[in-house]
Amino acid sequence: MELSDRQETIIEIVKENGPITGENISNQLNLSRATIRPDLAILTMAGFLDARPRVGYFYTGKTGSELLTEKVKKFKVKDFQSVPVVVKEGASVYDAISTMFLGDVGTLFVVDDQSILTGVLSRKDLLRASLGNQDLNTVPVHIIMTRMPNITVCEPNELLIESAKKLIDKQIDGLPVVKKSKKGMQVIGRITKTTITQAFVELILDK
Ligand code: ADP
């Protein structure tokens, strides 16, 4: 976050004089207590300052990047995941392409009759299958999909940054968010490069 000149000055005052009351900070700035109240609220919320009742404000000593890291570590998969778009194993490549367009996604998850994850289909998987001379209506997706157990997944309580790392390490565009059970993995969400971009924008614009 971008701090105003006045907020920077307040940090300096607290750094040198803390613990210091709001009253004393405002006196040093020749401003009213009411004028600096929003600044103190912002600096406290952002973690630069801490306030103790009857003691005053003190400097936490945390750098901007430490505070950013703390914030990122609060981002969980479950808070950012979007709705998964799935097809059945027996669906044709033609159906999968239609579903990809209708669902406006770049990755489809393939499930069996019990809604358990069995595979993944990317845009290029479907393009590759379309290059041959086969009738796309007769080729089932389970022939061309990347299949279990080679699927990289994530879980709702995982940190979003861990999922982002998986996307980079495996060079893939999306991960299914799964709930593990005895039967297998049930697909309950989707994390994609777009999700990570959204989180990045949210972090910086501080929404
Ligand atoms: P594209 O192939 O359109 O560039 P990806 O980079 O996501 O999209 O996919 C590359 C390959 O990795 C594809 O063959 C796809 O089936 C596979 N893939 C995609 N997502 C996963 C995943 N979560 N786990 C394992 N393999 C995946």
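Start at Pro19, which is found in the loop between α1 (5–17) and α2 (22–29); helices here are DSSP runs of H or I with at least four residues, strands are runs of E with at least two, and both are numbered from the N terminus. The peptide bond that joins Gly18 and Pro19 is cis, with omega at about -5°. A second cis bond runs from Met148 to Pro149, with omega near 5°, and Pro149 has its place in the loop between β6 (146–147) and α8 (160–170). Then there's Asn30, in the loop between α2 and α3 (33–45): its phi is near 55°, a positive value in a residue other than glycine. For context, most residues other than glycine have a negative phi, and most peptide bonds are trans.

A quick word on what you're looking at: this is a predicted model, where local features need pLDDT of at least 70 and side-chain atom pairs count only at pLDDT 80 or more, while totals for chains, interfaces and linings use all residues. Residues are numbered from 1 along each chain as its sequence is written, and side-chain values use heavy atoms, with hydrogens and water left out.

Now for the ligand. There are 14 residues around it, and Ser122, Asp125, Thr146, Thr152 and Asp173 come nearest (near means that a heavy atom of the residue lies within 4 Å). Ser122 also makes a polar contact: an N or O atom in its side chain is 2.7 Å from an oxygen atom of the ligand (such a contact is a pair of N or O atoms within 3.5 Å). The backbone joins in too, with an N or O atom of Arg123 lying 3.4 Å from a ligand oxygen and a polar backbone atom of Gly174 sitting 3.1 Å from a ligand nitrogen.

Which elements give two or more residues to this shell? They are β5 (117–122), α7 (123–131) and β7 (174–181). Among these, α7 gives the most, with three residues.

As for the site, the ligand sits in the second largest pocket (more than half of its atoms lie within 2 Å of the pocket's grid points). A pocket is an open set of points on a 1 Å grid over the protein atoms alone, where a 1.4 Å probe fits, with protein on both sides within 12 Å along at least five of seven lines; lining residues have an atom within 4 Å of a point. This one is lined by 17 residues, with Val120, Ser122, Gln171, Ile172 and Asp173 nearest its centre. Here α7 again provides the largest share, four residues.

Terms used
Polar contact = N/O pair within 3.5 Å; in protein donor to acceptor, adjacent residues only side chain to side chain.
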